[in-house]
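Here are some exercises to work through with the model open beside you. Try each task before reading its solution.

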Amino acid sequence: MTLTRRQTLASALGATAALSMPARLFAQSGPILHASWGGGVGDTWTVAFAGPYTADTGTAVRIVELPNPEAQFRAHAGDPQYHTGIGTFVQGVNMMRDDMLETFSLDEIPNMRNIDEKYWLKTEDGRIAGVTPYFAYYGIAVNTNEASVEDFQSWKSVADPKWKGRLGMTRPIYLSTYDLTILAKAAGDDEYDTAGGMELLKGMARNVLNVSNSLAQQNTMLERGEVAAMPFYSVRVWSLNEAGVDYVKILIPEEGALLLPYVIFAPKGVKDRGMVADWLNHIASAAPQERGAALSGYIPANRDAVATSEIKAKLGGEYDDLRARLYQPDWGYIAENQKDIVAAIDQMLATL
Amino acid sequence: MSRPLRIAVLLLPSAILMGVFLFGLVRLIGSSLLIEGRLDFAYYDAILSRADYVAMLGRTLRTAAMTTFVCLVLGFPTAYFVARYRGNRNFLLLLIIFPWLVSIVVRSYGWVVILGPRGLINSLLTWSGLAARPLKLMYNDFGVILGLAHVLLPFMIIAILSVMMQIPRNLEEASMSLGGRPGYSFRTVLLPLSLPGVLTGITLVYLMATGAIVTPLLLGGLGNTMLGTEIFQEVMHFFDYPKAAALATVLLVTALAVVLPIQILERWLARRLSDGGAA
């Protein structure tokens with residue numbers, strides 16, 4: 001068959017149009033589009049949350065992996081292309097304050113009753129703006145070939161000059177929300193008064209080899225022993241351990257670790273609102289959260305979730321025992337002041 | 001079709017492109033200057049009153065200048081070698097542009113494997129006893145400049161090469177046959193004639209280095225934040241587009257302050273060379 005130039009052009013245009021359409025079309029009918037971070041997070045959502053939901057209800061859920069779901073939500077504000085998406089609690093608070101999230105009543109998401117209210121992302125009038133399905137925690141990851149776990153029993157250890165050039169550190173954007181908060185706690189203060197934490201952070205900054213910019217880079221640095229330790233996410237160490245890197249351990253120092261709730265939200269004006277509420281209700285239930293814990297080490301938010309003996313062994317106890325050692329700050333306050341805190345950290349780092 | 005109409009049709013795509021570009025530029029600058037519909041320099045005041053931003057700007061320009069210098073030092077002899085190569089020049093060109101086939105992230109990570117604390121060089125140094133502990137070969141200015149030079153060197157080589165290819169080989173031969181030593185021939189014949197390419201290369205590399213994001217992120221250390229990285233943070237994390245626009249405008253103006261004189265010099269030189277050629 002011979003194609004004329006006109007036919008070739010028409011085919012190319014048709015293919016381009018077809019490739020550019022699916023997200024928009026799907027968002028208006030068909031399956032639920034859920035925006036997720038990539039890598040292990042996307043896999044967890046596909047296996048633990050989306051697959052079983054589709055099997056139970058017949059509603060397809062497509063997990064779309066993106067570097068930053070919040071950026072997509074903001075870019076398409078008023079014309080949402082996704083039904084739901086994942087973010088950090090701080091991102092959720094910021095979007096809620098910018099009136100970018102759809103809100104729901106408790107009757108629409110009844111499983112929220114089994115999640116402690118202090119983990120809810122809710123508006124001032126009590127409506128639910130996001131569902132917290134699970135937590136991770138922010139502790140100290142140690143490469144035990146390079147340092148001993150006893151070396152980091154306190155957060156204050158990271159400021160010890162003996163670790164000069166041996167620690168890793170994340171960027172100011174996350175230092176502002178995570179590191180500074182837990183270091184302030186370690187210094188005897190809290191997120192409202194971070195002066196002591198800033199001193200510890202300064203001490204840690206003097207010790208770091210570099211500021212890493214991606215989780216992959218942080219994983220690699222820990223795994224290769226380029227850094228001996230760094231404040232890090234429990235779930236990332238879980239993944240490393242599952243991949244056979246058993247010499248990297250996550251510690252909860254004596255002052256506790258930072259509890260990191262994640263949140264699932266729907267953009268304001270989302271299509272198929274009833275279907276989305278049902279999906280959010282599924283996310284808030286215990287069963288998928290238990291599967292998420294088994295797959296990736298996330299700690300379920302639903303208090304009915306039960307830890308298997310294998311998970312208990314890996315986590316070092318029951319979920320409640322673990323939660324008791326985690327510090328839950330006022331994320332609303334942190335989100336509100338994040339820009340100023342980042343500016344303060346940037347200026348502190350510039351003086352080193 | 002009449003000639004003027006044909007010219008207009010041919011120019012239309014570039015006119016549209018220029019229009020879109022200029023519109024974007026005006027919007028960019030406008031969004032940093034208009035706050036609630038009023039002209040306001042608040043973003044610029046905030047940026048220029050912060051010592052760390054001013055230091056960051058200085059660091060960005062310094063790093064870009066040093067990267068440009070390294071690219072020039074490495075690029076000029078390479079371009080000369082390729083231009084005068086009598087064998088398969090296309091193969092050499094392929095080698096020069098080969099790095100472009102690999103993602104900038106992968107290329108930058110390649111340096112981690114070579115220069116990192118557990119990298120090839122440090123492993124050799126510590127294994128041979130030449131160093132007691134790993135040297136800090138990256139996550140500092142050196143790492144950023146090296147990484148940027150690796151990424152941008154092909155632009156410098158190709159810019160210089162495109163001009164060198166136009167310089168007849170017999171001009172150098174004539175100079176030498178009249179008693180000029182190689183250094184003299186280089187200084188009085190090759191260098192002046194290749195300067196337009198050098199200046200183009202300098203402009204390209206300098207501008208790209210000032211706006212670099214990925215390489216400083218991956219290979220820079222605590223004190224190596226560059227303005228491009230800060231703009232990225234404002235856009236991707238804080239969604240503060242007016243502030244990002246203000247930072248971008250500051251970067252644009254400071255970069256132009258360097259590039260415009262170079263462009264003027266290049267035009268003057270081109271005119272001078274063309275006059276000399278006519279004479």
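**Exercise 1. Contacts and make-up of chain B**

Task: Of the contacts in chain B between residues at least 6 apart in sequence, work out what share join residues at least 24 apart. Then describe what chain B is built from.

Solution. Start with the contacts: 74% of those between residues at least 6 apart in chain B join residues at least 24 apart. Keep in mind that this is a predicted model. Next, go through the secondary structure, where chain B has 12 helices and two strands. Reading along the sequence, you get α-β-β-α-α-α-α-α-α-α-α-α-α-α. Now look at the overall extent: the C-alpha trace of chain B spans about 75 × 65 × 35 Å along its principal axes. Finally, count burial: of the 279 residues in chain B, 32% are buried.

**Exercise 2. Where to trust the model**

Task: Find where confidence is lowest and where it is highest in chain A, and compile the overall scores of the model.

Solution. Begin with the averages. Chain A has a mean pLDDT of 88, with 91% of its residues at 70 or more. Chain B averages 88, and 98% of its residues score at least 70. Then go element by element in chain A: helix α2(A) (residues 22–28) is lowest with a mean of 43, while strand β5(A) (residues 128–130) is highest at 96. Follow the weak stretch further, and you find pLDDT under 50 over residues 11–29 of chain A, for which the model has 13 contacts beyond four places in sequence. Where pLDDT is low, the predicted coordinates should not be read in detail. For the model as a whole, ipTM is 0.73 and pTM is 0.79.

**Exercise 3. Domains in both chains**

Task: Split each chain into its assigned domains and describe how the domains of each chain touch.

Solution. Take chain A to begin with. The domain assignment gives domain 1 (31–130 + 260–324) and domain 2 (136–256 + 329–350). Their C-alpha centres lie 26 Å apart. The contact takes nine residues from domain 1 of chain A and 13 residues from domain 2 of chain A. On the domain 1 side, α5(A) gives the most, with four residues. By class, that side has five nonpolar residues, four polar and no charged.

Now do chain B. The assignment gives domain 1 (1–40) and domain 2 (43–278), with C-alpha centres 29 Å apart. Here four residues of domain 1 of chain B are in contact with seven residues of domain 2 of chain B. The domain 1 side divides into two nonpolar, two polar and no charged residues.

**Exercise 4. The A–B interface**

Task: Say how many residues of each chain are in contact, and which element gives the largest share on the chain A side.

Solution. Count the two sides: 20 residues of chain A are in contact with 19 residues of chain B. The elements of chain A that give two or more residues to this side are α4(A) (69–75), β8(A) (208–211) and α14(A) (331–350). The largest share, five residues, comes from α14(A). Sort the chain A side by class, and you get nine nonpolar, six polar and five charged residues.

**Exercise 5. One side of a helix**

Task: Check the length of α7(A), then explain why its buried residues lie on the same side.

Solution. The 13 residues of α7(A) (residues 195–207) should span 18 Å at 1.5 Å a residue, and the end C-alpha atoms are 19 Å apart, which agrees. List the buried residues: G197(A), L200(A), L201(A), M204(A), A205(A) and N207(A). They cover an arc of only 150° around the axis, so they sit on the same side of α7(A). An α-helix has 3.6 residues a turn, so residues three or four places apart point the same way. As for partners, the buried residues of α7(A) pack against β7(A) (167–169), α6(A) (172–186), β8(A) and α14(A).

**Exercise 6. Positive phi**

Task: For D99(A) and F239(B), place each residue in its loop and decide whether it is buried, partly exposed or exposed.

Solution. D99(A) has phi near 55°, a positive value in a residue other than glycine. D99(A) lies in the loop between α5(A) (89–97) and β4(A) (121–122). With 11 C-beta neighbours inside 10 Å, D99(A) counts as exposed, since the cut-off is 12 or fewer.

F239(B) also has a positive phi of about 55° without being a glycine. The loop that holds F239(B) runs between α11(B) (227–236) and α12(B) (241–278). F239(B) has 16 other C-beta atoms within 10 Å, so F239(B) is partly exposed.

Note on methods
Residues are numbered from 1 along each chain as its sequence is written. Chains are lettered from A and ligands numbered from 1 in the order in which they are written. This is a predicted model: local features need pLDDT of at least 70, side-chain atom pairs count only at pLDDT 80 or more; totals for chains, interfaces and linings use all residues. Ala, Val, Leu, Ile, Met, Phe, Trp, Tyr, Cys and Pro count as nonpolar, Asp, Glu, Lys and Arg as charged, and the others, Gly among them, as polar. pLDDT is the predictor's confidence in each residue, from 0 to 100. Domain bounds come from an automatic or database domain assignment. A residue is buried if 20 or more other C-beta atoms lie within 10 Å of its own, exposed if 12 or fewer, and partly exposed in between; C-beta atoms are placed from the backbone. The expected span of a helix is 1.5 Å times one less than its number of residues. The arc is that of the directions from the helix axis to the C-beta atoms.
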